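Biologist: Before we turn to the sheet and the ligand, could you show me how to read such features, beginning with the ligand contacts?

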Amino acid sequence: MGNTFDHEHSYPGRLIIVEGIDGSGKSTQIQLLQKWLVSMGYRVFFTEWNSSALVKETIRRGKKKNLLTPTTFSILHATDFADRLAHLILPPLKAGMIVLADRYVFTAFARDVVRGVHPEWVRQMYGFAVRPDLAFYFKVPIEVSLKRILVGRASLKFHEAGMDLGLSDDPKESFKIFQSKIIEEYNAIADEFKLVVMDATKPIYSQQAIVREFVQEKLQNYTGIPYTSVLSDEQAKR
Ligand code: ADP
């Protein structure tokens, strides 16, 4: 099997993804996008990172006991992704739907590399992925994301703060160090893969307006008709 991630896919559907650190506001934006697309009559399918039943329990247990090495963590996430790609992402893409993904392979590229995995190795591992039609990166300073997260809840999650890496005993300090490294990786990834970089400090509505403009442009040649329902001239005559 060739490396599918190197070229555009030929499915009738469209794949739109969002990336950014926690608290960047990417979920807010993709949810608003979903509502807008549905309101215009498009068939939309939404999926999130790390949500497959296949390895969820293993990842959860590994995280709890701090059992996973960066490489095993990375492989488990890729396994999870391969399962979601096959069962959740490809079927709607083949059926001509618009698939919206909250985090995609770039999350693994950023996180796994910060945890010590080789950048080229992780990119190769995800070579089977479908290249997105449109990928947004919500760029935000640490202080802003931290403030947004802590408004919603009392404390930071262990892995979200990178506490497993022993960067600092203080979760907030650890979060800042860990997420700064993730941002550095994201910035490089945005250049490498030509992600649409959004100023995620802007108000929700103004970012959404920009997102919709990009999406609208991408949907210009989109019909949403699956291959199987396009009849050949011969079939149509029958
Ligand atoms: P993420 O998915 O990147 O973790 P969310 O979309 O869940 O981020 O947003 C985190 C918090 O920040 C939520 O409480 C959300 O309402 C708020 N938020 C999102 N976007 C903005 C914005 N542009 N300005 C201010 N607050 C925002």
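Modeller: A polar contact is a pair of N or O atoms within 3.5 Å; within protein, one must be able to donate a hydrogen and the other to accept it, and residues adjacent in sequence count only if both atoms are side-chain atoms. Here a backbone N or O atom of S24 lies 3.1 Å from an oxygen atom of the ligand, a polar backbone atom of I21 is 3.5 Å from a ligand oxygen, and a polar backbone atom of K202 is 2.8 Å from a nitrogen atom of the ligand. The model is predicted, local features need pLDDT of at least 70, side-chain atom pairs count only at pLDDT 80 or more, and totals for chains, interfaces and linings use all residues. Residues are numbered from 1 along each chain as its sequence is written, and side-chain values use heavy atoms, with hydrogens and water left out.

Biologist: Which residues come nearest to the ligand, and which element gives the largest share of the shell?

Modeller: A residue counts as near if one of its heavy atoms lies within 4 Å of the molecule. Of the 13 residues around the ligand, G23, K26, S27, T28 and K202 come nearest. Helix 1 gives the largest share of the shell, three residues, where helices (H or I, at least four residues) and strands (E, at least two) are DSSP runs numbered from the N terminus.

Biologist: How are the strands of the sheet ordered?

Modeller: In general, strands of a sheet pair through backbone hydrogen bonds, either parallel or antiparallel. Two strands count as paired if DSSP finds at least two bridges between them. In this model five strands form an open sheet in the order 2-3-1-4-5, with parallel pairing, and its edges are strand 2 (44-48) and strand 5 (196-199), each of which pairs on one side only. Strand 1 (residues 14-20) is joined by five bridges to strand 4 (residues 134-139), and I16 of the former stands opposite L134.
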